[in-house]
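Work through the exercises below with the sequence and model open. Try each task before reading its solution.

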Amino acid sequence: MSDRPLYAPQEPIFPRRVSGKFRNLKWVIMVVTLGVYYLTPWIRWDRGPNLPDQAVLVDMASRRFYFLWIEIWPHEFYFVAGLLIMAGLGLFLFTSALGRVWCGYTCPQTVWTDLFILVERWIEGDRNARLRLYRGKWDIRKWRLRLTKWFTWLLIAIGTGGAWVFYFTDAPTLLHDLVTLTAHPVAYMTIAALTATTFVFGGFMREQVCIYMCPWPRIQAAMMDPDTITVAYREWRGEERGKKHENKSGDCIDCMACVNVCPMGIDIRDGQQMECITCALCIDACDDVMDKIGKPRGLIDYIALSDEPAERAGQPAAPILKKILRPRTILYTTIWATIGVALLYALFVRSDIELTVSPVRNPTYVLQSDGAVRNIYDVRLRNKAGEDRVFHISLTSDDILRIELEGRDGQHNLVVPADTTILQRVYVTARPQDPAASSDTTALRLWVEDVDADIRASQATTFNGKDE
Amino acid sequence: MSERKVDEETGVETTGHSWDGIEELNNPLPRWWLWTLYACIVWAIAYTIAYPAWPMISGATQGMLGFSTRGQVAADIVEHEAKNEALVAELVAADLTTLPPSSDLHRYAVARGGSVFRAQCSQCHGSGAAGAVGYPNLLDNDWLWGGDIESISATITHGVRNETDLDARYSEMPAYGDLFEEEEIGAVVEYVASLSSSDFDADLAQAGSELFLDNCAACHGDEGLGDKFLGAPNLVDAIWLYGGDRDTLTETVTNARFGVMPAWGQRLSDVDVRAVSVYVHALGGGE
């Protein structure tokens, strides 16, 4: 049997502070993404007296999704499905073109870990100070620093879990209820669960989440190819590496700057590896060193594997555009854009008045005492507007058919309340002498229209006669 | 055990398994993973103690929390009834003849009545209420005992031709096989057929019409329009409960028909009888 342990403790990582263009880009992205996440629920949007005034709201209780001027009903969930497909294809597109940019810049795990490391550095100091603290005894100072850090993390985690629930109910009301301890238990449980995951994943698990819990590092291998631009070490330029006084032939002075700043704790000079989230901080760190020793930047850089032969031969790399515009990326973009255009089209042609007709086929028809034949239809009428409206129900057909509404005393108009679906039983009758009564099936179309506005909707259905 | 193999490239021990020369590295799992596994084991043991889990010879261990899915259903029903208490009270007190069809109470009655109907009535009348031979279709506009809400409610409450309820609907047609000669039955059948069809033997029907006026018109009316007070069917319309062909009519006149229905007032709560009445009334034939 092996004498090695089956399970290994987590290797602590103490990323050093770094500055540079990619670090700045990451700061900007962090501010934007966190800002969007925390502030979105507080944006107001006036939709009239009967509808919520929150710009982005997933209203589970009423089964509505509000996004600015767009309101999605449950039967229109294909919009959400379409967006998810677009998000998936977008991920494929960006990965095949630019590697794991999602992981490195915008993944919540990366963004919140970055924020937590910022807090850590602010309280405990940079890499060396944190290393000393980690190795030092648990004295009063260590306790004070650790507790301060954990407490700050916890506040951020509570804010993160707290912001999530605001997307699902009116934010100001919920905040008031949360503070006065009158909110629904589910709200507190959700906040507690998300606080715990934020605190643990951002504070302690960090790279473990990416390496062991996330499926994406394993999928990405299929998404990348030699033309993918990704973070890599120009090994042909850097080796033989060695300290400056050793006078080795390569540009790499083995200063370990790239390793010290890496939030994943890896050495990019070992080549592409599953752990690398391509956050590009090693590029910033190395460029800084190259500037100091008077060598050109880009020893670690965004490059494609296919550039290696040309660069080794001392020729310039292929232009970036040529690497990005490939059949693969063009195909992804085409599918992505097609779905996007289809969704936009569906969004703009949809009406705020709708009907769905389900013909009652148990029985297929009803014989009336005078010999007339009646078909029954369950019609769902949707008023998606913010005010009550009067709908008129009618039918069109090549044959003579009469329409009647259950419980409306011969009226064909009815009030559908704001933002509501109602179920109306509709009878269509053919008199004994009408051809529809004795034929097999007759085509007809049921219409609903707003009597005060020129909008209508219809659905085709069939009428069953006696001859079946 | 085979000796340990170490991968030259990485210096990591391999599991010794080889596929086409590719060997699997035996990297250790992270320790938190081990603790997560232990936590799951502890959770699983605690769970089987707290909740019903282990199968025994009869039944299973009950669990310390006393949880059961049956109990959960019972609790759900209690909660549901508490929620509907106000609507139920309102429905019991409501005047069904003036209940507006667009009201919430009407919607509730139709929904509740629909589930009562599917549980109690659909066996004879069909899940779509279209009936069957001998069981009236409740979707059409032909009613034996009346199609207004009060008549429907009375029929459901007291039932048809049963002895447990003194107010039950009770119609009694004699079996004319004991009273008429065969030719007389044929004549009456021909007359009845002539009421709703143009294809008949005029002489025979003429003979039958006299027999009809003397024997049948007392209940079915001089013109065969029936009488909802007596439960006598309309013989002029297009709807036949048992069938309008001559063989079926002969059978009906000879032996008479005696359909039955339970008195639901004895079996269902007041609110359920009211709900199912509203439901049947709103199926399409309500008057």
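**Exercise 1: Backbone outliers in chain A**

Thr278(A) sits in the loop between helix 12 and helix 13 (281-293) of chain A. Helices here are DSSP runs of H or I with at least four residues, strands are runs of E with at least two, and both are numbered from the N terminus. This is a predicted model: local features need pLDDT of at least 70, side-chain atom pairs count only at pLDDT 80 or more, and totals for chains, interfaces and linings use all residues. Residues are numbered from 1 along each chain as its sequence is written, chains are lettered from A and ligands numbered from 1 in the order in which they are written, and side-chain values use heavy atoms, with hydrogens and water left out.

Task: Find phi of Thr278(A) and of Asp254(A), and state whether each residue is buried or exposed or in between.

Solution.
- Step 1. Recall the background: most residues other than glycine have a negative phi, and most peptide bonds are trans.
- Step 2. Phi of Thr278(A) is near 50 degrees, a positive value in a residue other than glycine.
- Step 3. Check burial, where buried means under 20% relative accessible area, exposed over 50% and partly exposed in between (1.4 Å probe, protein chains only). Thr278(A) has 3%, so it is buried.
- Step 4. Asp254(A) lies in the loop between helix 11 and helix 12 of chain A. Its phi is near 55 degrees, again positive in a residue other than glycine. With a relative accessible area of 24%, Asp254(A) is partly exposed.

Task: Locate the cis peptide bonds at Glu240(A) and Pro363(A).

Solution.
- Step 1. The bond from Glu239(A) to Glu240(A) is cis, with omega near -10 degrees. Glu240(A) is in the loop between helix 11 (235-238) and helix 12 (257-261) of chain A.
- Step 2. Asn362(A) and Pro363(A) are joined by a cis peptide bond with omega about 5 degrees. Pro363(A) is in the loop between strand 7 (353-359) and strand 8 (366-367) of chain A.

**Exercise 2: Cysteines**

Task: How many disulfides are there over all chains? Why is Cys252(A) not bonded to Cys258(A)?

Solution.
- Step 1. A disulfide is a covalent bond between the sulfur atoms of two cysteines. The test is a pair of cysteine sulfur atoms within 2.5 Å.
- Step 2. By this rule the count is 0 over all chains.
- Step 3. The closest cysteine sulfur to that of Cys252(A) belongs to Cys258(A), at 6.6 Å, so the two are too far apart for a bond. Cys252(A) is buried, at 7% relative accessibility.
- Step 4. Cys282(A) is in no disulfide either; its nearest cysteine sulfur, that of Cys279(A), is 6.2 Å away. Cys282(A) is buried too, at 11%.

**Exercise 3: Strand pairing in chain A**

Task: Which strands does strand 13 of chain A pair with, and how many bridges join them?

Solution.
- Step 1. Apply the rule: two strands pair if DSSP finds at least two bridges between them.
- Step 2. Strand 9 (residues 373-383) runs antiparallel to strand 13, with 11 bridges. Here Val373(A) has Ala430(A) as its bridge partner.
- Step 3. Strand 11 (residues 402-405) is also antiparallel to strand 13, with 4 bridges. Arg402(A) stands opposite Thr429(A).
- Step 4. In strand 13 (residues 420-430), 8 of the 11 residues are buried, so the strand is largely enclosed by the rest of the structure.

Task: Give the order of the sheet that contains strand 3 of chain A, and name its edges.

Solution.
- Step 1. The sheet is open, has 3 strands in the order 2-3-4, and its pairing is antiparallel.
- Step 2. Strand 2 (56-59) and strand 4 (70-72) are the edges, each pairing on one side only.
- Step 3. Strand 3 (residues 64-67) and strand 4 share 3 bridges. Phe65(A) pairs with Ile72(A) there.

**Exercise 4: A helix contact in chain B**

Task: How do helix 3 and helix 9 of chain B pack?

Solution.
- Step 1. Axes are lines fitted to C-alpha atoms, for helices over the stretch in contact, and angles run from 0 to 180 degrees between N-to-C directions.
- Step 2. Helix 3 (residues 104-125) and helix 9 (residues 270-281) of chain B pack at about 100 degrees, with axes 7 Å apart.
- Step 3. The two helices are therefore roughly perpendicular. The classes are under 35 degrees for roughly parallel, over 145 for roughly antiparallel, 65 to 115 for roughly perpendicular, and oblique for the rest.
- Step 4. Contact means heavy atoms within 4.5 Å. Among the contact residues are His106(B) and Phe117(B) of helix 3 and Val278(B) and Tyr279(B) of helix 9.
- Step 5. His106(B) is buried, at 12%.
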